[in-house]
Amino acid sequence: MNDSTATTAAAPLLEVRDLVKHFVVKRSFVGRPLTTLRAVDGVSFTVNRGETLGIVGESGCGKTTVGRTVIRLYEPNSGSIVYDGTDLAPLTFEQMRPFRRRLQMIFQDPYASLNPRMTVTDIITEGVRDELRPADRKDLAKRMLETVGLNDDHANRYPHEFSGGQRQRIGIARALAMEPDMIICDEPISALDVSIQAQVVNMLEELQQKLGLTLVFIAHDLSMVKHISSRIAVMYLGRIVETGSSYELFARPYHPYTKALLSAMPIPDPDVARANRRIILKGDVPSPTRVPSGCRFRTRCPYAMKVCSEQEPEFREVAPGRFSACHLEDGAPV
Ligand code: SF4
């Protein structure tokens, strides 16, 4: 497999190679694995400094597990996670400490990710509690609140006093207080009202430019990552099936799954919407405990051929900087 989502010659900040994370969900009475959930099944991608990589796919495709495994909330089964020249995969909990600071994560659910018994100041400064005096912690919390567009009066309040959008801003302030190089944003807007989603995305974009951050933005919907991502990786059932720059992927998708996701996006112009041919996928995503043979998308693909059930397609370069995993020579017909 020759995956590369990189477009520049500089060494990427993050380089993930052949990452595998399986969960044993059922064992025999002597402990032998009976059922294994292949959440992440050989994923490779790179993230360059200062860019945003969008990772997109339906629920259960493994995108959240990728994020959690990269920051070592989950132990990888195999593969490497090279972050700024160091492979994080074999590090112990203690050895991970400096990297945990540089590599932060924002979680999907702003309601569940903040401790309800802690004040906003304590939440934001929790990671540097042992390093700063109380007065400096208060100062830091105020600065971070200001950075994410909240008032410093909010510093002594508790999470339940805030709206969903405000809580997500507190989560972002908590990540920023660690002075990270990279933030993995795991569906940071999907639990928020549509009216608030654009505000949070715009704020992340502004912060990225102002602070030179590198972002990985995980979402289940291409429209959510379109504007914020410089490059996009599309995931299906534990694998990346297509990558490319955001512009090129939207202008010329190659993989049938990417085409189906794009065809399902809402189009504001009614004339364009009428001309758009919606690709309806058959059935549901198969269970990651029973991954189909050959191409794992074949049970839903409108273009599936005999070879698709026999051979797993190679993830190959189909155009300069564009990679796709499909047996069709030139991508799927439109
Ligand atoms: Fe469809 Fe076959 Fe391509 Fe898989 S390899 S996406 S089943 S055409």
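Guide: Contact means heavy atoms within 4.5 Å. Keep that in mind for this predicted model.

Visitor: Which strands does helix α5 lie across, and how does helix α5 run to β6?

Guide: Helix α5 (residues 164-176) lies across β6 and β7. The angle to β6 is about 175°. Angles run from 0 to 180 degrees between N-to-C directions, so the helix and β6 run nearly opposite ways.

Visitor: How does helix α2 run to β6?

Guide: Helix α2 (residues 93-102) also lies across β6 and β7 (182-186). Here the angle to β6 is about 55°.

Visitor: What makes β6 and β11 edge strands?

Guide: Each pairs on one side only. Their sheet has eight strands, in the order β6-β7-β8-β3-β9-β10-β12-β11. β6 covers residues 103-106, and β11 covers 315-319. The sheet is open, with mixed pairing. From one strand to the next, the twist averages 20°.

Visitor: How do you know that β9 and β10 pair?

Guide: Pairing takes at least two bridges. β9 (residues 231-236) and β10 (residues 239-245) have six, so they pair, in the antiparallel sense. Met235 stands opposite Ile240 in β10.

Visitor: Why are β1 and β2 called a pair?

Guide: Eleven bridges join β1 (residues 14-27) to β2, against a minimum of two, so they count as paired. They run antiparallel. Lys21 stands opposite Val40 in β2.

Visitor: Which sheet holds β1 and β2?

Guide: An open sheet of four strands, in the order β2-β1-β4-β5. Its pairing is antiparallel. The edges are β2 (33-47) and β5 (86-87).

Visitor: Where does the ligand sit?

Guide: In the largest cavity. That takes more than half of its atoms within 2 Å of the grid points, so the ligand meets this mark.

Visitor: Which residues come nearest to the ligand?

Guide: Cys295, Cys301, Cys308, Cys326 and His327, of the 13 around the ligand.

Visitor: What classes make up the shell around the ligand?

Guide: Ten residues are nonpolar, two polar and one charged. Cys counts as nonpolar, so the four cysteines named above belong to that class.

Key. Residues are numbered from 1 along each chain as its sequence is written. This is a predicted model: local features need pLDDT of at least 70, side-chain atom pairs count only at pLDDT 80 or more; totals for chains, interfaces and linings use all residues. Side-chain values use heavy atoms; hydrogens and water are left out. A residue is near a molecule or strand if one of its heavy atoms lies within 4 Å of it. On a 1 Å grid over the protein atoms alone, a cavity is a set of points where a 1.4 Å probe fits but cannot get out, and a pocket is an open set with protein on both sides within 12 Å along at least five of seven lines; lining residues have an atom within 4 Å of a point.
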